[in-house]
Structures are given as C-alpha cells and as structure tokens.
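Put the sequence and the model side by side. The walk goes from charged pairs to rings to the nonpolar interior.

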Amino acid sequence: MRGMAHIGVIERLELEGITPNVVTGCSSGAMIAAAYVCGTLNKLKKIALGMHKRDGRRMLDFCLTGKGLIKGEKIRSFFEHVITEGRNFDDIKQRKLAFVGTDFLSGNPVVINQGDIAEALEKITAIPGITPLKRHNDRLIFDGGTAMLVPAKPAYELGANRVIAVDVSIDRSLLTRAIGNMREFLRSSALNNSILRPVINIQKKIKNASRNKFVSGLQSILKKTKLLYDIEENDLNMVETYLLGLWAITYDYRKGLFKDSDADVSIRPEVLHVRRVDIEKTRELIEEGWKATDEKIREIRKLYD
C-alpha cells in the first residue's frame, strides 16, 4: 500500500508542469507507473480511496494446494481491466515505461519493457510462496524490490537525463538481514575455503550459466536433487518457492538498497509506519507523497533551469 504515495508525487509534479518522458517502477510502484502512462491513474485513485479491508480480501483467491497461497487470477484481472486496460508496452507512444523484477535463481534485476503490461506487472509483483511465479525469457521472476528497491538506474539506461526517484521502501526484514549476514560471514571465513567453496562454485555456475549449459553440465546433480529441474518446470510448491526466494534475497541483501547518489533528486515520503494491509490509509499515503515532493520542489526546479 505504501506505493500509493507515488500518486501524490505525480500530482504535485504535474501541478509544477513536470511530466516525465521515462517512467520506471518495481513492486507496488510499478502499478502506479503503469496506471500513469496508461491514463488510468485517476480511476485507480478513486478505487483505492473507496476500498476497505474487506475489499482487499475479496481480491485474494486463496488456494492452499497450488504454487502459492493465492492463485493470483483476481489480481491479474485487476491489472488487465483496471490499470492497463489491455495495453502493451508498444501502445505507449509518448513515454518509455519499464519495470524491474528479480531473477529467482540469481537475485539480479531483470528489466521488462516489452509485451503485455498486465502480464509484466503480474511477474514483477509476485511474492515467492504467496503468488505463483511467472517466467520471462526462460527465467522465473518475482518482486523487483528484492533486486532494486528504487529503479533509478534503468531510467538512465532508457535515456533519461534527469531522474527524480521516489523511495517508499523499508529496510530488509530482521530475518533477511540475519540470514544474509550469516551467509556473508561463511563466505569470508576459513570454512569457505575448505568446505563451502565447492558448493559456492557450483551455485555461481548455476546462476551465471544459460538454461542449456546448466542442464547439460549439472545433469547428474539435477537427477539427484530435482531442485533445478523443478525450477525449470515451474513445479515448486509454495513452501519450496518461499524458501528459495528467501535464499535469493539473502545472498546479498544490500545490493538493492537505494542511495541518494543513485538519482538527481530523491523523494522519501513518510510512509514507513504503513503496513501492506492498511488499505484504508490511501488518502494519508497520497498526502504524504504530495508533501514530500513539495519539500523538494525547489531542488526539482533547478533540474529544469
């Protein structure tokens, strides 16, 4: 829900006459980015302002026997019929739009700017163990906030000369940081050279190799563990998906963190107190986005002088 603060940011920038030519987003920010370029932002805002907790629960089609806690079909329908209205990336003529997801095996960022926008949203907002993961160019993708909390770099890569970044993220969870720190310690310890190095080397080969290479080069391992085979076939259950997602997140949990130097102007609305389930705080979130942008407006104006 913290992503709703982006609406206030956009509205304050528009009041100033600033309309970006390049729009990037990950996680909930991608939904706002999509609604903005598709011309459905006001519709999304109206729906969000009228929602209550029970409305949020109606969008969750629970399925305890599938590949996630929920099927995700209702969410996909919302993306397609409300946010994108069936548009593809090629339909966006006046702006460039791109989303960032996370590669399930490597934890690296994956930029998506082609194909059906609703399908892309479904991929880059998926949460391991909660919603089914989808594939992009033969790689399973999940929530982009893991690889890159604020997608400023892709905006530059798409041709933006000046980037205004909005950070509504919170720090990594205690569990993520604890496991990540433990893994970092093991990689740098004496145990790494004597015991763990062979395992890590195999892991690196898996992450860096193409699909064909690791199928052929690690065929014996695949037959014994079935782990990567299951990933390739997208046949993991929700518990396996969650645990492997946690493994990807904790490999280097600091790499996706955002720094002010990553963009020309950084906007940080005061939204850290809002939880994912706080649907009824949409108006507050939008106001915080507006307020945080207003505080930075002089700095933003200098970019266009």
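Lys296 and Glu299 form a salt bridge, with 3.6 Å between the closest N and O atoms. The model is a predicted one. Lys296 has a relative accessibility of 27%, which lies between the cut-offs of 20% and 50%, so this residue counts as partly exposed. Glu299 has a value of 36%, so Glu299 counts as partly exposed too.

How many salt bridges does a search of the whole structure find? The search finds 15. Some of them join up. Arg12, Glu16, Asp294 and Arg301 are linked in a network of salt bridges.

Now take a pair with a long reach in sequence. Arg268 forms a salt bridge with Asp167, and the closest N and O atoms are 3.3 Å apart. Arg268 sits in the loop between β7 (265-267) and α14 (282-295). Asp167 sits in the loop between β6 (164-166) and α8 (174-188). The pair therefore ties together parts that are 101 residues apart in sequence. Are the two partners buried or exposed? Arg268 is partly exposed, at 37% relative accessible area. Asp167 is at 9%, under the 20% cut-off, so Asp167 counts as buried.

Turn next to Asp103 and Arg139. They form a salt bridge whose closest N and O atoms are 3.2 Å apart. What does this pair tie together? Asp103 belongs to strand β2 (residues 96-103) and Arg139 to strand β5 (residues 139-142), so the bridge connects parts 36 residues apart in sequence. Both Asp103 and Arg139 are buried.

Rings come next. A search of the whole structure finds two aromatic pairs. One of them is Phe89 with Phe99. Their centres are 5.5 Å apart, and the planes meet at 65° in an edge-to-face arrangement. Phe89 lies in the loop between α5 (73-83) and β2, while Phe99 lies in strand β2, so the pair ties together parts 10 residues apart in sequence. Phe89 has 6% relative accessibility and counts as buried. Phe99 has 0% and also counts as buried.

Phe104 and Phe142 also pair. Their ring centres are 5.9 Å apart and their planes stand at 90°; an angle over 60 degrees counts as edge-to-face, so that is the label for this pair. Phe104 is in the loop between β2 and β3 (109-112), and Phe142 is in strand β5. The pair links distant parts of the chain, 38 residues apart. Phe104 is buried, as is Phe142.

Finally, look at the nonpolar residues. The largest nonpolar core has 47 residues. Which of its members touch the most other members? They are Ile83, Leu97, Phe99, Ile117 and Leu121. Phe99 thus appears twice in this tour: in this core and in the pair with Phe89. Helix α2 (residues 28-38) gives the most to this core, with eight residues.

Set apart from the largest core is another core, of 12 residues. Its members include Ala152, Ala155, Val163 and Ala263.

Leu97 is worth a look in the viewer. Leave out residues up to four places away in sequence, and Leu97 touches Val23, Ala33, Ala34, Val37, Phe89, Asn113 and Ile117. One of these, Ile117, is listed with Leu97 among the core members that touch the most others. Another, Phe89, is the ring paired with Phe99.

Methods:
Residues numbered from 1 in each chain as written. Predicted model: local features only at pLDDT ≥ 70, side-chain atom pairs only at ≥ 80, totals over all residues. Heavy atoms only, no water. Core = buried A, V, L, I, M, F, W, Y, C linked by side-chain atoms within 4.5 Å. Buried < 20%, exposed > 50% of the residue type's maximum accessible area, 1.4 Å probe, protein only. Helix = DSSP H or I, 4+ residues; strand = E, 2+ residues; numbered from the N terminus. Contact = heavy atoms within 4.5 Å. Salt bridge = Lys/Arg side-chain N within 4 Å of Asp/Glu carboxyl O. Phe/Tyr/Trp six-rings, centres within 6.5 Å; stacked < 30°, edge-to-face > 60°.
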